[in-house]
Amino acid sequence: MACINNENCKFSSSSSFSKLPLIDSRRFSTVEYDETGDEFPIERVFPVYARGTFTPEPNPVLLEFTISGYDPIWNAIREEAKLEAEKEPILSSFLYASILSHDYLEQALGFVLANRLQNPTLLATQLMDIFCNVMVHDRCIQSSIRLDLQVYRVAHKLLIQGRELLALALQSRVSEVFGIDIHPAARIGEGILLDHGTGVVIGETAVIGDRVSILHGVTLGGTGKETGDRHPKIGDGALLGACVTILGNIRIGAGAMVAAGSLVLKDVPSHSMVAGNPAKLIGFVDEQDPSLTMEHDATKEFFRNVAVANRGTMPNVSGVAERGDIIKRI
């Protein structure tokens with residue numbers, strides 16, 4: 001898993017410092033900062049900017065993507081943008097400003113996010129400075145944003161750097177704009193799918209593995225009875241259906257599937273399926289990563305199997321269970 005343990009993902013390059021121009025309407029100066037991005041003077045948090053956009057100097061981390069020209073994700077995005085601009089000329093200006101005018105993915109993503117999240121107190125130029133500074137100096141983020149695009153990753157890095165207030169400000173703004181509330185201290189793997197995304201809430205001590213699919217309305221919350229490590233841990237390849245609520249420091253095993261609307265209060269075994277309020281084990285899944293197949297449709301066959309599985313664990317009229325364990329595979 002990438003960046004999901006307690007260790008910070010950092011790197012070292014050949015040069016210890018880079019210089020980025022900080023344009024200030026009152027003066028012109030050049031600020032030096034460490035390439036790990038761990039040290040930021042407090043005055044850089046909310047500087048006064050003149051007109052213009054932030055353009056960092058070339059960084060060794062980006063050499064493999066920019067100088068070599070080998071970045072298949074970014075190349076595919078640009079090619080698709082060109083095709084769409086030809087088909088829909090009315091969108092050509094938007095596509096040029098958002099994608100085609102930028103040299104690499106980090107710059108384009110910083111531009112788009114800054115313009116979506118700006119408000120009267122968080123200017124787009126300030127936000128683009130923050131996003132670019134973080135993304136171009138963190139190899140883990142560069143890898144992750146090519147698998148999923150999340151503002152959370154920038155907020156998480158800012159929190160690690162000790163810039164808690166700014167990280168929480170980004171969390172709050174993302175919640176307002178996108179309707180998704182992810183605490184910057186949560187630890188999230190790569191290749192995460194937020195399908196629709198609206199209403200997703202992920203708590204401070206939650207941990208999510210790689211290739212997890214999360215539908216709208218999912219809550220990974222605490223019970224209110226615990227302190228410290230109090231949020232769920234989701235294994236690789238798990239699929240969390242719409243409006244699922246998982247509470248407390250419990251584990252959802254790798255490849256598990258949680259049916260829509262379920263309330264989960266206990267650990268869920270790997271490659272199992274649970275459903276209900278409270279959730280109960282109803283079967284097992286054959287897929288290694290249900291999150292990739294997304295086969296959670298409510299077909300007649302599905303409900304027939306669920307009914308059979310549940311009936312197998314219910315007591316009969318004599319009070320004796322018909323079957324001790326659920327062995328039916330969905």
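**Exercise 1. Which residue in E17 does Val274 stand opposite?**

Before we start: this is a predicted model, where local features need pLDDT of at least 70 and side-chain atom pairs count only at pLDDT 80 or more, while totals for chains, interfaces and linings use all residues. Residues are numbered from 1 along each chain as its sequence is written, and side-chain values use heavy atoms, with hydrogens and water left out.

*Solution.*
- Find the strands, which like the helices are DSSP runs numbered from the N terminus (strands: E, at least two residues; helices: H or I, at least four). E16 spans residues 272-276 and E17 spans residues 279-284.
- Check the pairing, which requires DSSP to find at least two bridges between two strands. E16 and E17 have 5 bridges and run antiparallel.
- Look at the connection: a hairpin of 2 residues links E16 to E17.
- Read off the partner: Val274 faces Leu281. Next door, Met273 stands opposite Gly283.
- Now try the other neighbour: E14 (residues 257-258) pairs with E16 in the parallel sense over 2 bridges, and there Val258 has Val274 as its bridge partner.

**Exercise 2. Work out which strands stand at the edges of the 5-stranded open sheet.**

*Solution.*
- Write down the order, E3-E6-E9-E12-E15, with parallel pairing.
- Pick the edges: E3 (181-182) and E15 (263-264) each have a single partner strand, so one side of each lacks a neighbour in the sheet.
- Zoom in on one pair: E6 (residues 201-202) and E9 (residues 219-221) share 2 bridges in the parallel sense, with Ile202 opposite Leu220.

**Exercise 3. Is His231 buried or exposed, and what does its side chain contact?**

*Solution.*
- Locate His231: look in the loop between E9 and E10 (233-234).
- Apply the cut-offs: buried is under 20% relative accessible area, exposed is over 50%, and partly exposed lies in between (1.4 Å probe, protein chains only). His231 comes out at 7%, so it counts as buried.
- Check for a polar contact (N or O atoms within 3.5 Å; within protein, one able to donate a hydrogen and the other to accept it, with sequence-adjacent residues counting only if both atoms are side-chain atoms). The His231 side chain has one with the side chain of Thr205, at 2.7 Å.
- Add the neighbours, using heavy atoms within 4.5 Å as contact. Leaving out residues up to four places away in sequence, His231 touches residues including Glu204, Leu220 and Asn249.

**Exercise 4. How many residues of H7 are buried?**

*Solution.*
- Count along H7 (residues 152-160): 7 of its 9 residues are buried, among them Tyr152, His156 and Leu158.
- List what these buried residues pack against: H5, H6, H8, E3 and E4.
- Step just past H7, where Gly162 has a positive phi of about 90°.
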